[in-house]
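Work through these exercises with the model open beside you. Try each task before you read its solution.

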Amino acid sequence: MSAPLRVVALWFPDWPLRAALGGAPPHPPTALVHANTVIACTASAREHGVRAGQRRRVAQGHISSLRVLPHDTARDERAFLPVLQLIEKHAPGAALLRPGLAAVRARGISRYHGGEAEAGAALIDILGEAGFPEVRVGIADGPFTAELAARGRTPCTVVPPGRAEDFLAPLPVQVLKDDQLAGLLVRLGVRTLGEFAALDETDVRDRFGERGARLHALAGGSDSRAVVPRPPDPELVRSVEFEPPLAGADQVAFAVRQTADAVMLALGEASVVCTEVRIDLVDDDGMVFSRPWLHPTCFDAADLVDRVRWQLEALGAENAKEPVDEARAFGGIALVRIVPVAVDDAAHHQPGLFGSGTDERLHHAISRVQTMLGHEGVVTAALSGGRWLADRQVLTPWGERAVVAHDPERPWPGSLPDPLPAEVFRPPRPIGVLAPDGQTIHVDDRGALSAAPTRIDGDEVRAWAGPWPIHERRWDAAGGKKGHRLQIIDDHDRAWLVFCTGERWWAEGRYR
């Protein structure tokens, strides 16, 4: 009989939360929810009684300030891929069991480090230095036992060879992750894996079928699953060198066409498409200018050439803005490197059975306009949090991921409730709000108007409401911003949102 397969399991607790929140724990009380059920929660939430499997309402009943986020399995996988690549650098042949849990064969790495415990400690140190101090390592006969060992109280737990059954015996049957079988076993009086493993194999197969027999073997320490390494990442990076260096953006863009085609050919051979790419420009002095680019669907060769041109144009514009005494002589580009950063299965981007003509025409039309006007010539709007209308609008170039600095779902005392003005002036434009005697209206320290407004921007005032005070960052004397808002309707039935700060009035937006 062959010796059991020794496996090193690396477990990252609460990985879905790590992927959603970013950074190492501790995290504020947060729960990930799918189908109105808690999938995972932070340690700070568990301290208040929140548990995985609870209904959302029950979890929020334990702590009212619980932050609830949707669970995204695709995000978990994307976030875990760099970790898996890091593990493979030090322990080749890593297998992905699920996001947050990886396994490698223990034989090679234990020989390299002089023992299984030493190998586990080395992996913990490597991943801790990379920003994953929460990792737990378990080493045992088979992936199932190794995963449960990784969930032990110590950072590294080694189950001696041939002792898997003894290690598993006191554990509850719930660790088999089959609620129906576990519930039935508990009602029958079988509460631990040791008691389950003691049952006759034939009786278990007759009563619970093949799946029950499989779980019965796991409870007894028999795990014949092989650790299958994931296939190596295809080499998708392509580069081109120029001798002598090229200085013109059009020259470089024309010269990288074949390189862009080579990238698309490599992606096609791997049956993937690229949704995020990094372009590295290396000048004649060896300086590297890198920038990531996103795409709303997926890149083609022409899109890659456009991004190279736009990056060169932006680089030239930045160099022109530098003072003459600080400007560095720019001789040209010696190398262009195209690095696909994020890829997706090509099957997810195939047109439907009856086509997707409207979306494709819209995408190509907008991309064509962006090609003519430049990267920032076409933008999309996203809603951000804030008290001032200009702060709530975030404009992002077409194809880029919107970076929202403030959560729009948070409460913002002093912000304008819906409905919001259809037109926002950015920056606010000066406007006159006059009293019956033609003088500018003022707001005193108590928030009272010096007179009722009768004219705005040369038009008569039909109705008005306010003022409402707004004071941002009260603790910051220099950076704080305060004022008083008014809503005014003129004799052309136009509704204005204006505010007064100091001695002047400004139009913040206009309703239509």
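The exercises below use a predicted model and cover a helix pair, two sheets, a pocket and a hairpin.

**Exercise 1. The α5 and α6 pair**

Task: Find the angle at which α5 and α6 pack, classify it, and describe the contact.

Solution:
- Step 1. Locate the helices. α5 covers residues 106-113 and α6 covers residues 116-129.
- Step 2. Take the geometry. The packing angle is about 90°, and the axes lie 8 Å apart.
- Step 3. Classify. Angles of 65 to 115 degrees count as roughly perpendicular. α5 is therefore roughly perpendicular to α6.
- Step 4. List the residues. α5 brings A106, I109, S110 and H113. From α6 come E116, E118, A119, A122 and L123.
- Step 5. Sort the contact of α5 with α6 by class: five nonpolar residues, two polar and two charged.

**Exercise 2. The four-stranded sheet**

Task: Work out the strand order of the open sheet of four strands, and say which strands stand at its edges.

Solution:
- Step 1. Read the order: β9-β12-β10-β11, paired antiparallel.
- Step 2. Pick the edges. β9 (238-246) and β11 (288-294) each have a single partner strand, so one side of each has no neighbour in the sheet.
- Step 3. Add the twist. From one strand to the next, it averages 20°.
- Step 4. Look at β10 (residues 272-283) and β12 (residues 333-345). These antiparallel strands are joined by 11 bridges. V277 faces P340 in β12.
- Step 5. Place the helix. α13 (residues 257-269) packs on the sheet and touches β9, β10 and β12. The direction of α13 makes about 170° with that of β9.

**Exercise 3. The three-stranded sheet**

Task: Do the same for the open sheet of three strands, and find the bridge partner of H34 in β3.

Solution:
- Step 1. The order is β3-β2-β4, with mixed pairing.
- Step 2. β3 and β4 (67-70) have a single partner strand each, so they are the edges and one side of each lacks a neighbour in the sheet.
- Step 3. The twist averages 40° from one strand to the next.
- Step 4. Four bridges pair β2 (residues 30-34) with β3 in the antiparallel sense. H34 has T37 as its bridge partner in β3.

**Exercise 4. The second largest pocket**

Task: Describe the volume and lining of the second largest pocket, and say which element gives the most to that lining.

Solution:
- Step 1. The volume is about 800 Å³.
- Step 2. The lining has 31 residues. Nearest the centre lie R98, L101, E147, R151 and K177.
- Step 3. Two or more lining residues come from each of α1 (15-21), β3 (37-41), β5 (95-98), α7 (143-150) and α11 (201-219). The most come from α11, with four residues.
- Step 4. By class, the lining of this pocket holds 18 nonpolar, two polar and 11 charged residues.

**Exercise 5. The β19 and β20 hairpin**

Task: Trace the hairpin of β19 and β20, then map the surroundings of A495.

Solution:
- Step 1. β19 (residues 481-490) runs antiparallel to β20 (residues 495-501), and six bridges join them.
- Step 2. Four residues lie between the strands. D493 has a positive phi near 60°.
- Step 3. A495 sits in β20, opposite I489.
- Step 4. Set aside neighbours within four places in sequence. A495 then contacts I488, I489, R510 and Y511.
- Step 5. Compare A495 with R462. They are 33 residues apart in sequence, and 9.9 Å apart in space from C-alpha to C-alpha.

Methods
Residues are numbered from 1 along each chain as its sequence is written. This is a predicted model: local features need pLDDT of at least 70, side-chain atom pairs count only at pLDDT 80 or more; totals for chains, interfaces and linings use all residues. Side-chain values use heavy atoms; hydrogens and water are left out. Axes are lines fitted to C-alpha atoms, for helices over the stretch in contact, and angles run from 0 to 180 degrees between N-to-C directions. Angles under 35 degrees count as roughly parallel, over 145 as roughly antiparallel, 65 to 115 as roughly perpendicular and the rest as oblique. Contact means heavy atoms within 4.5 Å. Ala, Val, Leu, Ile, Met, Phe, Trp, Tyr, Cys and Pro count as nonpolar, Asp, Glu, Lys and Arg as charged, and the others, Gly among them, as polar. Two strands pair if DSSP finds at least two bridges between them. On a 1 Å grid over the protein atoms alone, a cavity is a set of points where a 1.4 Å probe fits but cannot get out, and a pocket is an open set with protein on both sides within 12 Å along at least five of seven lines; lining residues have an atom within 4 Å of a point. Grid points are joined across faces, edges and corners, and a volume is the space filled by probe spheres set on the points.
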